[in-house]
Amino acid sequence: MDQLNNYLYISAILFSLGTFAVMTRRNGIAVLMGVELILNAANLNFVAFSRFGGMNMDGHIFSLFVIVLAAAEAAVALAIVINIYNNLHTINVDDAAMMKE
Amino acid sequence: MPLAEIVFWLLAAFTIISASFVVLNNQLLYSAIALLFALFGVAGLYIFLWADFIAGIQLLVYIGGINVLIIFGIMLTNKISSVRLSQTNVQQGVGAVIALWLMILISLVISKTPWLQIESSEPSGTVHAIGTLLLSKYLLPFEAISLLLLGALIGAALLSREAT
């Protein structure tokens with residue numbers, strides 16, 4: 001618990017789990033959950049470096065901003081997902097590809 | 001092994017197991033509940049990092065706000081019959097290889113780098129320092145992010161409104 005590397009390893013595992021969810025999930029909301037995991041991994045890194053860099057508060061401010069951005073992103077993304085569902089009756093991200101055609 | 005160490009490793013295992021449950025589970029609602037536990041574990045890790053305010057905000061905003069929003073989204077967009085459909089696409093093998101490779105690469109970087117570390121003592125609280133910083137050094141980003149929240153609010157309301 002007093003080792004910087006432990007936190008960095010936990011954050012690396014969370015990050016790769018999040019990228020796995022973003023790459024393989026079909027459901028739009030599941031992709032969103034993967035993004036939340038990635039943001040949490042980044043936040044954990046910010047706070048860990050802040051704690052082991054002489055309790056520098058700038059890291060805390062950055063992670064606060066990340067949390068605020070995640071909240072805004074979740075609200076807009078869910079509005080978009082519900083719109084896609086109303087128009088296509090599915091939230092499979094592979095099916096919402098009309099821009100490609 | 002002191003008690004704090006045991007609690008730390010339990011929290012770490014709890015976080016990682018919940019996060020892998022989020023990723024690997026086929027039922028979307030179970031994934032959302034597991035995400036709740038993963039976020040809770042990360043909040044516990046913040047407390048070990050002396051970040052009491054960030055831990056509280058994590059509980060309030062992530063668990064109380066974002067996770068509830070996600071569960072709302074799942075319930076609004078799932079038909080009962082489609083819950084048990086396969087949730088993963090065909091690229092699962094490739095995705096697993098890339099994610100594993102990414103994790104090994106990051107772990108190598110972490111173990112090879114001599115991180116600069118500065119000794120410090122535990123502060124009595126971080127709220128005062130964060131408040132001072134937000135209204136002095138980071139005043140402009142603070143105002144910008146409040147504008148962004150306003151924009152997101154209006155955007156979400158516009159997007160989810162019925163087309164007239």
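Modeller: Before we start, a helix here is a DSSP run of H or I that is at least four residues long, and helices are numbered from the N terminus. Also keep in mind that this is a predicted model.

Colleague: Okay, where is Ser124(B) found?

Modeller: With the helices numbered from the N terminus, we can place this residue by its neighbouring elements. Ser124(B) is found in the loop between helix 4 and helix 5 of chain B.

Colleague: And is Ser124(B) buried or exposed?

Modeller: The cut-off for exposed is over 50% relative accessible area. Ser124(B) has 85%, so it counts as exposed.

Colleague: How far apart are the C-alpha atoms of Ser124(B) and Trp50(B)?

Modeller: Trp50(B) lies in another loop, the one between helix 2 and helix 3 of chain B. Along the chain, Ser124(B) and Trp50(B) are 74 residues apart. In space, their C-alpha atoms are separated by 9.1 Å.

Colleague: Which is it for Trp50(B), buried or exposed?

Modeller: Trp50(B) has a positive phi of about 60°, although it is not a glycine. For the label, though, we look at accessibility, and buried means under 20%. Trp50(B) has a relative accessible area of 17%, so the label is buried.

Colleague: Over in chain A, what is the phi of Met55(A) near?

Modeller: Met55(A) sits in the loop between helix 2 and helix 3 of chain A, and it is buried at 13% relative accessible area. Its phi is positive in a residue other than glycine, with a value near 50°.

Colleague: Which residue with a positive phi follows helix 2 of chain A?

Modeller: Helix 2 of chain A covers residues 28-52. What follows has a phi near 80°, and that residue is Gly54(A).

Colleague: How many Å does helix 2 of chain A reach from its first C-alpha to its last?

Modeller: This helix has 25 residues, and at 1.5 Å a residue we'd expect 36 Å. The model comes close to that expected value, with a reach of 37 Å.

Colleague: How many residues of helix 2 of chain A are buried?

Modeller: One of the residues in this helix is Arg51(A), and at 8% relative accessibility Arg51(A) counts as buried. The helix as a whole is mostly covered. Out of its 25 residues, the buried ones number 18.

Colleague: Which residues does Arg51(A) touch, leaving out those up to four places away in sequence?

Modeller: From its own chain, the list has Asp2(A). From chain B, it has Phe48(B), Leu49(B), Trp50(B) and Ser120(B). Put together, the names are Asp2(A), Phe48(B), Leu49(B), Trp50(B) and Ser120(B).

Colleague: And which residues does Ser11(A) touch, with that sequence window of up to four places left out again?

Modeller: Ser11(A) lies in helix 1 of chain A, and a relative accessible area of 4% makes it buried. Its contacts are Ala41(A), Leu44(A) and Asn45(A).

Colleague: Now the two chains together: how big is the area buried between chain B and chain A?

Modeller: There are 78 residues of chain B in contact with 67 residues of chain A. Carbon and sulfur atoms give 77% of the buried area. The area is about 6700 Å².

Colleague: In chain B, which residues lose the most area to chain A?

Modeller: Together they make up 10% of what that side buries. Their names are Val23(B), Leu49(B) and Thr77(B).

Colleague: Which helix of chain B gives the most to the side of chain B that touches chain A?

Modeller: Ten residue pairs are in polar contact between chain B and chain A. The elements giving two or more residues to chain B's side include helix 1 (3-24) and helix 6 (139-160). The top giver supplies 13 residues, and it is helix 3 of chain B.

Colleague: By class, how many charged residues does that side of chain B have?

Modeller: The side that touches chain A has 54 nonpolar and 20 polar residues. The charged ones number four.

Colleague: Which residue forms a salt bridge with Asp58(A)?

Modeller: Side chains of opposite charge can pair when their charged atoms come close. The structure holds one salt bridge over all chains, and the pair crosses between chains, from helix 3 of chain A to the loop between helix 5 and helix 6 of chain B. The closest N and O atoms are 3.0 Å apart, and the partner of Asp58(A) is Lys137(B).

Note on methods: Residues numbered from 1 in each chain as written. Chains lettered and ligands numbered in written order. Predicted model: local features only at pLDDT ≥ 70, side-chain atom pairs only at ≥ 80, totals over all residues. Heavy atoms only, no water. Contact = heavy atoms within 4.5 Å. Buried area = accessible area lost by both parts, 1.4 Å probe. Salt bridge = Lys/Arg side-chain N within 4 Å of Asp/Glu carboxyl O. Polar contact = N/O pair within 3.5 Å; in protein donor to acceptor, adjacent residues only side chain to side chain. Nonpolar A, V, L, I, M, F, W, Y, C, P; charged D, E, K, R; others polar. Expected span 1.5 Å × (residues − 1). Buried < 20%, exposed > 50% of the residue type's maximum accessible area, 1.4 Å probe, protein only.
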